[in-house]
Amino acid sequence: MIDPRVSIIQDRVGDINRIIAVTSGKGGVGKSLLASTLALLLARRGRSTGLFDLDFTSPSTHFILGVRETWPIEDKGIIPPLIHGLRYMSVVYYSKNRAMPLRGIEFSNAFIELFSVIKWGSLDFLIVDMPPGIGDAMLDLIRFVKRAEFLIVTTSSPLAFETVRKLISMLNELEAPILGVVENMKMEGSVVKQEVLRLGVNFLGEIPYDPVVENSLGNVCELLKTAFANSVNKIIEKME
Amino acid sequence: MHEWALAESVIKTVLKVAEENSIDKVTEVRIRIGEMQQLEHDVFKSALLCLKPDELKDAEFIVEIAKTKLRCGVCNHEWLFQKEGFEEDVLESIHFLPEVSHAYIKCPICGSPDFEIIEGRGIWVESVKGVRGSDRP
């Protein structure tokens with residue numbers, strides 16, 4: 001018995017130039033906001049960009065982007081709709097925003113199903129919003145999609161950074177490319193940058209705490225005017 | 001219709017199996033599809049025929065539908081998935097991604113959403129039969 005879906009995944013992502021997985025060791029570090037803003041800013045720069053919310057059990061990018069009344073198009077596969085200039089995909093289209101508890105094997109089945117039927121087409125960037133931690137999503141992305149680059153988000157908190165150490169170590173062990181680390185909600189006296197450089201990983205930049213960024217959730221025009229988006233724009237310079 | 005996308009993956013897999021096993025002429029491919037996925041049988045078979053390359057021109061595709069069995073992780077109750085009683089849009093969502101059933105289905109005995117799909121989830125190539133070059137007289 002062979003699962004045929006796996007064989008087609010490389011074809012489905014074959015016309016995507018770069019796949020960037022935005023990940024973190026812990027939740028609550030601003031990963032989804034960074035992934036969404038990064039994707040929007042890349043699209044504003046004229047790069048054809050997709051955003052895939054891989055956090056199946058707790059998706060939130062639809063909330064950040066204010067996604068309403070769109071639906072993936074069926075055409076010999078699933079074509080993600082264009083939202084704010086992005087090809088956008090999330091399981092909320094199918095779960096209708098209800099809680100969707102998934103155990104490991106079922107996460108992997110959903111992962112394989114979506115990567116085998118979604119037709120992203122030609123993209124400069126596919127930004128993947130990952131669930132936090134070293135789990136199914138990370139392992140499946142490395143195993144089946146193979147060429148994702150990992151952008152790690154942390155805060156200045158030693159608790160968050162402690163998990164980043166393990167994440168970097170695991171990614172190195174799996175020989176998965178690490179694009180770099182972004183420090184979000186930076187606090188005075190943080191030593192994250194020095195620690196990242198000491199680990200031999202690229203430090204992509206810092207984002208100061210922006211107390212008003214949450215007021216823009218659901219409103220992309222307002223989001224892109226924030227100090228948060230301005231900081232993400234500077235990070236893009238280092239990525240490209 | 002994502003039946004086409006899945007049919008594409010079947011064709012690709014059969015070609016790979018044939019190559020790995022030095023099968024020159026594929027004669028029969030058996031495919032099992034879980035009932036929960038609710039693939040349109042005719043659309044799927046038509047997609048297989050349209051996508052079939054010359055290398056598989058002699059292949060007959062046999063598609064079987066497998067019952068979908070679920071097991072509750074809390075009380076171990078096992079039951080079969082049935083379409084009846086679900087709204088059309090929910091069935092369509094499950095058709096696209098069977099795992100979203102976790103957002104809509106609960107154990108009929110204890111009410112827990114913590115169940116697993118133990119049989120008949122998706123699509124499987126069960127067997128590929130054919131003739132090897134060395135088998136020919």
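Which residue just after helix 2 of chain A takes a positive phi? That's A:Gly46, and its phi is about 85 degrees. Keep in mind that this is a predicted model.

Okay, let's back up into helix 2 itself, residues 31-44 of chain A. With 14 residues at 1.5 Å each step along, we'd expect a span of 20 Å, and the end C-alpha atoms are indeed 20 Å apart, so the two agree. This helix is mostly covered, with 12 of its 14 residues buried. The buried set includes plenty of leucines, among them A:Leu33, A:Leu34 and A:Leu38, but A:Lys31 is in there too.

Now on to helix 5 of chain A, residues 104-117. Again we have 14 residues, reaching 20 Å from first C-alpha to last, close to the expected 20 Å. Here 10 of the 14 are buried, so the helix is largely enclosed by the rest of the structure. Among those buried are A:Phe107, A:Phe111 and A:Phe115, and also two glutamates, A:Glu106 and A:Glu113.

So what's sitting over them? From chain A, the cover includes helix 1, strand 4 and helix 6. Chain B chips in as well, with its helix 1 and strand 5.

That brings us to the interface. On the chain B side, 28 residues are in contact with 27 residues of chain A. Helix 1, helix 3 and strand 6 of chain B each supply at least two of the residues on that side. The largest share, 11 residues, comes from helix 1 of chain B. By type, the chain B side splits into 14 nonpolar, six polar and eight charged residues.

Definitions and conventions. Residues are numbered from 1 along each chain as its sequence is written. Chains are lettered from A and ligands numbered from 1 in the order in which they are written. This is a predicted model: local features need pLDDT of at least 70, side-chain atom pairs count only at pLDDT 80 or more; totals for chains, interfaces and linings use all residues. Two residues are in contact if their C-beta atoms, placed from the backbone, lie within 7 Å. Helices (H or I, at least four residues) and strands (E, at least two) are DSSP runs, numbered from the N terminus. Ala, Val, Leu, Ile, Met, Phe, Trp, Tyr, Cys and Pro count as nonpolar, Asp, Glu, Lys and Arg as charged, and the others, Gly among them, as polar. The expected span of a helix is 1.5 Å times one less than its number of residues. A residue is buried if 20 or more other C-beta atoms lie within 10 Å of its own, exposed if 12 or fewer, and partly exposed in between; C-beta atoms are placed from the backbone.
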